[in-house]
Amino acid sequence: MPLLKNGEYMFFNCYNLTTFDGNLSLLERGYNMFMSCKSFKTFNSSLDSLINGEGMFSYCKLDKPSVQNIINCLRASNILSTTGTITIGIDKALASDSEFLAFLGIETGTNQTITITPPVRTLEDGTTVGGGTWAVQLQFN
């Protein structure tokens, strides 16, 4: 997994998957990777290299720490320098968690899209990364 770059449809529709704890730091394409894993609640990995997360967690029911991990990674360490989309399926019980909603920067726990811009920074090899725009599609399932 530490070398995985393309995880498109990798766990699509895997009903028994509840937790993922692995190294996805080089993952670039997560298109529909965990889509429709309806028992999936816990995700613990970095998404530093992700550039396409469209549908990635669609119809999942991720818990608060998992969503915060994903959002924090996009906000602080992701390399996106263009535009990208990621879909995050969130446990609907969190729709009334005011602290969680404030963390997301939203007022209501309804399906909506927020924007995140990773910081621009220079890597050790001199490459400039970040500064792109993530359209984060929030689904409360």
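1. In this note a residue counts as buried when its relative accessible area is under 20%, as exposed when that area is over 50%, and as partly exposed in between. By that scale Glu8, at 34% relative accessibility, is partly exposed, because its value lies between the two cut-offs. The model under discussion is predicted, and the points below should be read with that in mind.

2. On the overall fold, the protein chain holds two helices and eight strands, and these elements follow one another along the sequence in the pattern β-β-β-α-β-α-β-β-β-β. Both helices therefore fall between strands, with one strand, β4, separating α1 from α2 in the order of elements.

3. On overall dimensions, the radius of gyration of the protein chain is 14 Å, which agrees with the value near 14 Å that a compact globule of 141 residues would have. The C-alpha trace spans about 45 × 30 × 20 Å along its principal axes. Of the 141 residues, 43% count as buried. Among contacts between residues at least 6 apart in sequence, 52% join residues that are at least 24 apart.

4. On the surface and its charges, the accessible area of the protein chain comes to about 6,800 Å², and 50% of that area belongs to carbon and sulfur atoms. The chain carries 9 positive and 12 negative charges, and the mean positions of these two groups are 7 Å apart.

5. How many salt bridges does a search of the whole structure find? The search finds four. One of them joins the side chains of Arg29 and Glu8, with a distance of 4.0 Å from N to O. This pair links distant parts of the chain, since Arg29 sits in the loop between β1 (19-21) and β2 (42-44), whereas Glu8 belongs to the segment before β1, 21 residues apart. A salt bridge is counted when the nitrogen lies within 4 Å of a carboxyl oxygen, and a reader may wish to set the 4.0 Å of the pair Arg29 and Glu8 beside that cut-off. Arg29 has a relative accessibility of 30% and so counts as partly exposed. Glu8, Glu28 and Arg29 are linked in a network of salt bridges.

6. A further salt bridge is formed by the side chains of Lys64 and Asp97, at 3.1 Å from N to O. Lys64 lies in helix α1 (residues 64-76) and Asp97 in the loop between β4 (83-90) and α2 (98-104), so this pair ties together parts that are 33 residues apart in sequence. With a relative accessible area of 19%, Lys64 is buried, whereas Asp97, with 21%, is partly exposed. These two values fall on either side of the 20% cut-off, so the two labels should be read together with the percentages.

7. Lys64 also meets the side chain of Glu99 in a salt bridge, here at 3.0 Å from N to O. This second pair again links distant parts of the chain, with Lys64 in helix α1 and Glu99 in helix α2, 35 residues apart. Glu99 counts as exposed, because its relative accessibility is 55%.

8. Ser98 also lies in helix α2, and at 59% relative accessibility it counts as exposed. The C-alpha atoms of Ser98 and Ile86 are separated by 23 Å, although the two residues are 12 apart along the chain.

9. Where in the chain is Ile90 placed? Ile90 is in strand β4, and it is buried, with a relative accessible area of 0%. Leaving aside neighbours within four places in sequence, the residues in contact with Ile90 include Cys60, Lys61, Leu62, Val67, Phe100, Leu104 and Leu138. Phe140 is also among these contacts, and its C-alpha atom is 4.8 Å from that of Ile90, while the two residues are 50 apart in sequence.

10. Two backbone values deserve a look by eye. Ser36 has a phi near 65°, which is a positive value in a residue other than glycine; Ser36 is placed in the loop between β1 and β2 and is buried, with a relative accessible area of 11%. Tyr59 has a phi near 70°, likewise a positive value in a residue other than glycine; Tyr59 is found in strand β3 (residues 53-62) and is partly exposed, with a relative accessible area of 41%.

Conventions. Residues are numbered from 1 along each chain as its sequence is written. This is a predicted model: local features need pLDDT of at least 70, side-chain atom pairs count only at pLDDT 80 or more; totals for chains, interfaces and linings use all residues. Side-chain values use heavy atoms; hydrogens and water are left out. Helices (H or I, at least four residues) and strands (E, at least two) are DSSP runs, numbered from the N terminus. The radius of gyration is taken over C-alpha atoms; the globule rule is 2.2 Å times the number of residues to the power 0.38. Buried means under 20% relative accessible area, exposed over 50%, partly exposed in between (1.4 Å probe, protein chains only). Contact means heavy atoms within 4.5 Å. Accessible areas come from the Shrake-Rupley method with a 1.4 Å probe; for residues, only the protein chains shown count as cover. Lys and Arg count as positive and Asp and Glu as negative; His and the chain ends are not counted. The place of a charge is taken as NZ of Lys, CZ of Arg, CG of Asp or CD of Glu.
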